[in-house]
Amino acid sequence: MEMTPTTNQSKKTKTTFLRKLLGFISNFVFLVLLFVMCVMVFGLVQSRITGGPPSIAGRQMYIVLSGSMSPTFDAGSVVFVRPVPAGEIKVGDIVTYRARSGETLVTHRVVEVVDVDGEPGFVTRGDANDVNDEGILEAERIVGKVEYYLPYLGRVMSFTQTKQGLITLIFIPGIIIILYELKNIIGYAAALEREKLAKENAGAE
């Protein structure tokens, strides 16, 4: 079967495009794995050192354990909380605060701001709840305001705290990254060797 030059050129163009696409996907996956690994390692090390929650850029990270804020975010999400003065908190803000027992943290929305002996107090409620939380939230119990959240990340972070999770999400991606870089180094070395041989052959002619 004969092929015209135009057909050959079209086939080469498609092959080049597919190679570039695969290269882009490969690089993207590599960067995602690298980012996840760095975040996980950073969070684990920081938590062990400080004994508190991991934080990034002054935002503390907390895993949501219940669905009381659904559908805004569900259990297994991670909220990023920034400490703010009580006077900056307004109706509609989502805040993380210590329960009266002091043992647990709650993340709910502010539905009303009240005055408590000249200081701001807050009425809160979970988005999935039909009634307000019991009592008034005092300013001193507030950890901070939720600025943003990521769904499912909490499940990943909880998993990494187990032995299986540590191997699956840190060691295995680390090995993949090392192998990926070795492949690139070997390919680069082979290209240099081919270029060297080509120059030697050209000089010998």
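Reader: Which residue is the bridge partner of Val114 in β6?

Author: Gly121 is the bridge partner of Val114 there. Before we go on: residues are numbered from 1 along each chain as its sequence is written, and this is a predicted model, where local features need pLDDT of at least 70, side-chain atom pairs count only at pLDDT 80 or more, and totals for chains, interfaces and linings use all residues. Side-chain values use heavy atoms, with hydrogens and water left out.

Reader: And what counts as a strand or a pair here?

Author: Strands are DSSP runs of E with at least two residues, helices are runs of H or I with at least four, and both are numbered from the N terminus. Two strands pair if DSSP finds at least two bridges between them. The general idea is that strands of a sheet pair through backbone hydrogen bonds, either parallel or antiparallel.

Reader: What is the order of the strands in the open sheet?

Author: Eight strands, antiparallel in their pairing, run β1-β2-β3-β8-β4-β5-β6-β7. At the edges sit β1 (55–56) and β7 (137–138), each of which pairs on one side only.

Reader: Let's zoom in on β4. How many bridges does strand β4 share with strand β5?

Author: Five, in the antiparallel sense, between residues 94–98 of β4 and residues 105–116 of β5. To trace the register, put Val95 opposite His108, Tyr97 opposite Val106 and Arg98 opposite Leu105. The two strands form a hairpin with six residues between them, and Gly102 in that turn has a positive phi of about 80°. On β8, β4 has an antiparallel partner too, joined by three bridges. Tyr97 shows up again there, with Ile142 as its bridge partner in β8.

Reader: Is β4 mostly covered or uncovered?

Author: First the yardstick: buried means under 20% relative accessible area, exposed over 50%, and partly exposed lies in between (1.4 Å probe, protein chains only). By that measure four of the five residues of β4 are buried, so the strand is mostly covered.

Reader: Now the β5 and β6 hairpin. How many residues lie between the strands?

Author: Two residues lie between β5 and β6, and the strands pair antiparallel over seven bridges. Check Asp117 in the turn: its phi is near 55°, a positive value in a residue other than glycine. Asp117 belongs to the loop between β5 and β6 (119–125), and at a relative accessible area of 78% it is exposed.

Reader: Which residues gather with Asp117 in a patch of negative charge on the surface?

Author: Asp115, Glu119 and Glu140 join Asp117 in that patch. Patch members have over 30% relative accessible area and no salt bridge, with like charges joined within 9 Å (for nonpolar side chains, Val, Leu, Ile, Met, Phe, Trp and Tyr, the limit is 5 Å). The areas come from the Shrake-Rupley method with a 1.4 Å probe, and for residues only the protein chains shown count as cover. Asp and Glu count as negative, Lys and Arg as positive, while His and the chain ends are not counted. A charge is placed at NZ of Lys, CZ of Arg, CG of Asp or CD of Glu. Asp115 itself lies in strand β5 and is exposed at 60% relative accessibility.

Reader: How many salt bridges does a search of the whole structure find?

Author: Six, where a salt bridge is a side-chain nitrogen of Lys or Arg within 4 Å of a carboxyl oxygen of Asp or Glu. Take Glu147 and Arg59, whose side chains meet at 2.7 Å, N to O. Glu147 is in strand β8 (residues 142–150) and Arg59 in strand β2 (residues 59–63), so the pair ties together parts that are 88 residues apart in sequence. Glu147 is partly exposed at 30% relative accessibility, and Arg59 is partly exposed at 22%. A network of salt bridges links Arg59, Arg82 and Glu147.

Reader: What is the distance between the closest N and O atoms of Lys90 and Asp93?

Author: It is 3.6 Å in that salt bridge. Lys90 is partly exposed at 48%, whereas Asp93 is buried at 10%. Arg141 and Glu138 form another salt bridge, at 2.7 Å, N to O. Here Arg141 is buried at 14% and Glu138 partly exposed at 24%.

Reader: One last backbone check: where is the cis peptide bond?

Author: Look between Ser70 and Pro71, where omega is about 5°. Pro71 is in the loop between β2 and β3 (78–82).
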